[in-house]
Amino acid sequence: MSTINKSPALDGMYWDNGNKVPDKNNGALTQSDFFALLTQQLAFQDPTKPVENDQMIAQMTNFTMADGIGQLNESFKGFADSMTSNQALQASSLVGRSVLTQSDQIVFTGETLSRGHINLDRAADSMRVSIEKPNGELVTNFNVASPALGKNEFVWDGTDANGEPMPPGVYKIKVEASFNGKNESIPVHVFTPVSSVSLAGNGKGITLNLIGLGAVKLTDVLEVSYG
């Protein structure tokens, strides 16, 4: 087996990977790099075919625009982060209050009345609200008096059909309205207490964590109540 002897004359002529200078710009060209390249371009250009003034100006303009857009993006990101932080701070004031969202479930806390809205695009002959247990067993139902066009409010006191109090929890809610003798299911909006606020990542915005119903987007909130 042959052996290769390293000549002392070659000492110091090898790259030391451990002493490489880290690239702070991740390979991106900076303004200094651009002007260095432009200087080299001018130094080695063909004297018989020099770079036209308009070409040089175009190169400088393009780089300036690209650099400006990069700085604008950084500024906008900082502005967006600041706006999100301000929104999160404002949303935190909703903790302990109730917000109105569309849902087929209603929460009875045992301490306050359960309330909601039913929005109609036309007046109805009658409208009935049904409260059920999670297994579908009927708890109680009641009519909404004189259902009219627009917002119709309702309140459930947390009792069953016999007037007995129900335990706190999450119940199903259904609404049927009669229009000219024909029954239709109507979406329901309910008030639910906010337990906490979350700042979601990946640009998903702010979410409110509602007691019993889980997380909803802040943009899905239609109204805020003190109770």
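How many bridges join strand β4 to β7? In this predicted model, seven bridges join strand β4, which covers residues 126–132, to β7. The two strands run antiparallel. One pair of residues can serve as a landmark: Val 129 has Val 175 in β7 as its bridge partner.

Strand β7 itself spans residues 169–179, and it is a useful place from which to follow the strand pairing. Strand β2, made up of residues 105–108, is joined to β7 by four bridges, and these strands run antiparallel. Here the reader may look for Ile 106, which stands opposite Tyr 171 in β7. Strand β8, residues 182–185, is likewise joined to β7 by four bridges, again in an antiparallel arrangement. Within this pairing, Phe 179 stands opposite Lys 182 in β8. Strand β7 is thus found in pairings with β2, with β4 and with β8.

The connection from β7 to β8 deserves a closer look. These strands form a hairpin with two residues between them. Asn 180 lies in the loop between β7 and β8, and its phi angle is positive, about 55°, although the residue is not a glycine. Is Asn 180 buried or exposed? Its relative accessible area is 78%, and a residue counts as exposed over 50%. Asn 180 is therefore classed as exposed.

A second residue invites similar attention. Ser 146 is not a glycine, yet it has a positive phi of about 45°. Ser 146 is placed in the loop between β5, residues 138–143, and β6, residues 150–156. Because its relative accessibility is 64%, Ser 146 counts as exposed.

The last stop is a residue within a strand. His 189 belongs to strand β9, which runs over residues 189–199. Is His 189 buried or exposed? The relative accessible area of His 189 is 9%, and buried means under 20%. His 189 is therefore buried.

Which residues does His 189 touch, if those up to four places away in sequence are not counted? The contacts of His 189 include Leu 100, Thr 101 and Gln 102. Gly 116, His 117 and Asn 119 are also among the residues that His 189 touches. Phe 154 and Leu 222 complete the list of its contacts, again leaving aside residues up to four places away in sequence.

Technical notes. Residues are numbered from 1 along each chain as its sequence is written. This is a predicted model: local features need pLDDT of at least 70, side-chain atom pairs count only at pLDDT 80 or more; totals for chains, interfaces and linings use all residues. Side-chain values use heavy atoms; hydrogens and water are left out. Two strands pair if DSSP finds at least two bridges between them. Buried means under 20% relative accessible area, exposed over 50%, partly exposed in between (1.4 Å probe, protein chains only). Contact means heavy atoms within 4.5 Å.
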